[in-house]
Amino acid sequence: MKAGIVGLPNVGKSTLFNCLSNAKAQSANFPFCTIEPNIGVVNVPDPRLSKLEELVVPERVLPATVEIVDIAGLVKGASKGEGLGNQFLGNIRECNAIIHVLRCFDNDNIIHVDGNVNPIRDKETIDIELQLKDLETVEKRLEKVKKAAKTGNKEAQAEADLLERIRVTLLEGKSARVVEAKNQDEEELLEDFQLITTKPVLYVCNVDEGAAVNGNDYVVKVKELVKDENAEVIVLAVGTEADIMELETYEERQMFLEDLGLEEPGVSKLIRSAYKLLNLQTYFTAGVKEVRAWTIKVGDTAPQAAGVIHSDFEKGFIRAEVIGYDDYVTFGSEAKVKEAGKLRVEGKEYIVKDGDVMHFRFNV
């Protein structure tokens with residue numbers, strides 16, 4: 001599961017990606033590695049992991065991770081192959097969610113591709129390109145499906161109806177994510193279409209240092225524009241975040257943040273938001289050898305969660321021993337949780353909750 005950073009050229013995408021790549025700002029426990037020049041595996045800051053480490057004192061601690069992709073800047077005409085258009089659209093199609101960076105600061109030294117700063121126009125430029133590409137995809141598929149629908153094929157008729165609704169939405173200048181599925185079949189079809197504008201989106205308003213805490217007029221306009229999109233808006237002074245990353249010690253970074261009126265680096269909040277955007281959650285395993293955060297999808301069952309550790313755990317799943325995170329912290333150890341009768345034994349139907357501390361029994 002990965003989130004792609006998109007935006008026009010010179011809005012701060014690469015600076016943001018480099019901030020994420022220098023994740024030592026969160027703490028020494030959160031390193032970063034690069035798989036390819038533009039893909040980073042970033043650890044998810046989670047204070048619960050630090051608390052479990054404190055209680056268990058393990059040999060090592062492994063955080064959950066999220067993959068972030070730095071995608072080339074998009075320009076007008078990308079849907080027709082302008083600039084790196086085809087590469088850009090191909091990269092974004094492979095991502096599961098979009099982090100859309102908007103320039104919300106004035107600086108005469110940083111050229112804007114369209115001559116002046118206007119995040120509303122910038123957002124619309126990218127939206128239009130993505131919508132045009134989706135429109136092309138939808139119209140091609142609709143052409144094929146209509147032929148099958150004419151023969152009386154019920155499934156083809158249902159698909160044609162959904163495609164037509166999407167087509168009308170895109171022609172109105174709206175993204176496909178606003179089209180609501182009428183039933184489970186339509187939900188599955190929407191996923192199958194792999195449209196770019198159905199992907200969940202997080203807007204990052206890149207502001208200057210003075211607007212890091214409370215935002216500015218540009219941010220107000222962006223929030224107003226996206227209020228019906230069911231999308232989160234984060235305010236981030238990306239240049240300032242980059243300066244914080246340059247500081248050598250954790251203490252220096254904390255002092256800088258306090259001077260700005262911030263409790264933590266903005267990128268920490270961004271990473272957690274990206275994780276949530278991808279519909280991911282965390283469960284923990286805790287032992288003296290290792291305390292580890294494991295990544296699963298929201299709604300996964302206990303056997304599916306076990307399968308993240310090893311496929312044999314899922315195949316041979318017998319039961320899961322589960323402790324709620326709050327109970328673990330309240331009682332201080334697994335033994336004391338058991339004494340208090342707070343350890344639960346769950347079966348194959350159990351839906352894992354975010355923060356569960358789990359131990360699996362299996363037989364292969």
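The exchange below goes through several labels used for this predicted model and the values behind them.

Me: Why is Glu143 called exposed rather than buried?
Reply: The relative accessible area of Glu143 is 56%, and the label exposed is kept for residues over 50%, so Glu143 is called exposed. Glu143 lies in helix H4, which runs over residues 119-150, and its C-alpha atom is separated by 8.9 Å from that of Ala160, 17 residues along the chain from Glu143.

Me: What share of the residues in the protein chain is buried?
Reply: Of the 364 residues in the protein chain, 48% are buried, a label that requires a relative accessible area under 20%.

Me: What makes the largest nonpolar core one that lies between two domains?
Reply: Residues of this core come both from domain 1 (2-45 + 63-118 + 199-277) and from domain 3 (299-362), and therefore the core lies between them. The core has 70 residues, of which Ile68, Ile99 and Leu270 touch the most other members, while H10 is the element that gives the most to the core, with six residues.

Me: Which residues are in contact with Ile99, leaving aside its neighbours within four places in sequence?
Reply: With those neighbours left aside, Ile99 is in contact with Ala3, Gly4, Ile5, Val6, Ile68, Leu202, Val204, Leu270 and Ala274, where contact means heavy atoms within 4.5 Å.

Me: How do you know that the lining of the largest pocket draws on two domains, and which are they?
Reply: The lining takes at least three residues from domain 1 (2-45 + 63-118 + 199-277) and at least three from domain 2 (129-193). The pocket itself has a volume of about 1,300 Å³, and among its 35 lining residues the closest to its centre are Asn96, Glu191, Thr198, Lys199 and Pro200. Two or more lining residues come from each of helix H6 (184-193), strand S7 (201-206) and helix H10 (266-277), with H6 giving the most, five residues.

Me: How do the residues of this lining divide into nonpolar, polar and charged?
Reply: The lining of the largest pocket holds 15 nonpolar, seven polar and 13 charged residues. Of the residues closest to the pocket centre, Glu191 and Lys199 are of types that count as charged, whereas Pro200 is of a type that counts as nonpolar.

Conventions:
Residues numbered from 1 in each chain as written. Predicted model: local features only at pLDDT ≥ 70, side-chain atom pairs only at ≥ 80, totals over all residues. Heavy atoms only, no water. 1 Å grid on protein atoms, 1.4 Å probe; cavity = no way out; pocket = protein on both sides within 12 Å on 5 of 7 lines; lining within 4 Å. Points joined across faces, edges and corners; volume = space filled by probe spheres on them. Helix = DSSP H or I, 4+ residues; strand = E, 2+ residues; numbered from the N terminus. Domains from an automatic or database assignment. Core = buried A, V, L, I, M, F, W, Y, C linked by side-chain atoms within 4.5 Å. Buried < 20%, exposed > 50% of the residue type's maximum accessible area, 1.4 Å probe, protein only.
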